[in-house]
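Dear colleague,

Please find below the structure I agreed to hand over. My notes on its charged pairs and on two of its helices follow it.

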Amino acid sequence: MTRERIPDDASEQALDELRREAGARGTVPRDGIRPAGAPFPMPSPSAETGYYGLPVLKEPTWTWEVPIYFFVGGAAGACAALSAAARWTGADAELVRKARWIAAAGAALSPPLLISDLGRPERFLNMLRVAKIRSPMSVGAWTLVAFSTSTSAAAFADLVDRRLGGSVPVRVLADAAGALSAVTGLGMATYTGVLLGATAIPAWYENAAILPAHFAASALGSAVGLLELSGRSDRALNALGLAAAAAEIVVGASLETRRGRSLQPLKTGRAGALIRAGGLLSGPLAFGLRLFGGRSITMRRAAGLAALAGSLCTRVGWVAAGHVSARDPIPVLNAREDQDVEGGND
């Protein structure tokens, strides 16, 4: 039987000293007392000891379907936005039609990829039971449903419109569905970047500000490439491809010039090689092919292929970097210590 310890003057004096130190500094850089059998992890959690023998950060459980979903959904979303922009600006009807059908194909592939990763269809349905505006996962699930529905409706209405010889009501329905697919398509092109940045994994949260724009530029380059590979040679598409490639160059330069332990997974190993290869393909290579060979459809298609390959490498590389970064939680622990010190100073 364990004998209960009765507080005495010495223990009370020690507690008073700890209180004064905490009040003055905001933290107490000493281990407390661990009662026998208590569940508190001692010593303090670290990258080596973790919490109760478990890792400080949990690695992503995503399977190969997730980066493919990021790639397909992003390209489809950008195509939907391009189709709506082409329709509103009076561009060639064939361009609008091809962009809609490419978007519809991507919208049809995206849910099966996500459901395959979840393992069971009912898990995806459970994500739709509630809508949480502050949850990127919840917003993404609802965006995917709205995007898939509206994009499919726009493509089908366009098909019916052609078969009926230009029915006004059907055309209005196609345009309305196309507008909704454009709005949700922009979400599809960017929300996956927000989703990565809203985690505690260092390589992801340290780049939360640039990931949405990075994924959006990559999706735009992919959409332009798909349209050019389908036979389109519009000058506006080449201009958009140049803009997407230029944005990728800026993002790549930002990642390369920044330093820090949390950024190492983006520059070393398999993940770093994939991210750098993706940046090179969709950035400098695609930009150079479009800038110096913009009058050649062959060169532009080569640029489109480079952008598509770069976009896929980028998605796979960022997910792989998350796995590596989760095994090195030191930046997270240091950030928490800094926050504790700042809170004490306040």
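**Salt bridges**

There are 14 salt bridges in the structure, which is a predicted model. I describe three of these pairs below, and then the helices that carry two of them.

The first pair is Arg87 with Asp175, whose side chains form a salt bridge at an N to O distance of 3.0 Å. This contact connects distant parts of the chain, as Arg87 belongs to helix α2 (residues 65–88) and Asp175 to helix α6 (residues 168–197), with the two positions 88 residues apart in numbering. Both partners are partly exposed: the relative accessible area is 33% for Arg87 and 25% for Asp175.

The second pair is local. Arg97 meets Glu94 in a salt bridge whose closest N and O atoms are 2.9 Å apart. Both residues are part of helix α3 (residues 93–118), and they are three residues apart, about one turn of the helix. In general, an α-helix has 3.6 residues a turn, so residues three or four places apart point the same way. The two partners fall into separate accessibility classes: Arg97 has a relative accessibility of 16% and counts as buried because the cut-off is under 20%, whereas Glu94, at 31%, counts as partly exposed.

The third pair joins Asp234 to Arg232, again by a salt bridge, and here the closest N and O atoms are 2.9 Å apart. Arg232 is buried, its relative accessible area being 12%.

Shared partners also link salt bridges into one network, made up of Arg87, Glu94, Arg97, Arg100, Asp158, Arg162 and Asp175.

**Helices α3 and α6**

Helix α6, which contains Asp175, has 30 residues. At 1.5 Å a residue it should span 44 Å, and its end C-alpha atoms are 44 Å apart, so the two values agree. Helix α6 nevertheless bends by about 40 degrees at Thr190.

Helix α3, which holds both Arg97 and Glu94, consists of 26 residues. From its first C-alpha to its last it reaches 38 Å, close to the expected 38 Å at 1.5 Å a residue. The residue that follows α3 is Gly119, which has a positive phi, near 100 degrees.

When you open the model, I would suggest beginning with the pair formed by Arg87 and Asp175, which links α2 to α6, and then turning to the bend at Thr190.

With kind regards

Notes
Residues numbered from 1 in each chain as written. Predicted model: local features only at pLDDT ≥ 70, side-chain atom pairs only at ≥ 80, totals over all residues. Heavy atoms only, no water. Salt bridge = Lys/Arg side-chain N within 4 Å of Asp/Glu carboxyl O. Helix = DSSP H or I, 4+ residues; strand = E, 2+ residues; numbered from the N terminus. Buried < 20%, exposed > 50% of the residue type's maximum accessible area, 1.4 Å probe, protein only. Expected span 1.5 Å × (residues − 1). Bend = angle between axes of the 7 residues up to and from the residue.
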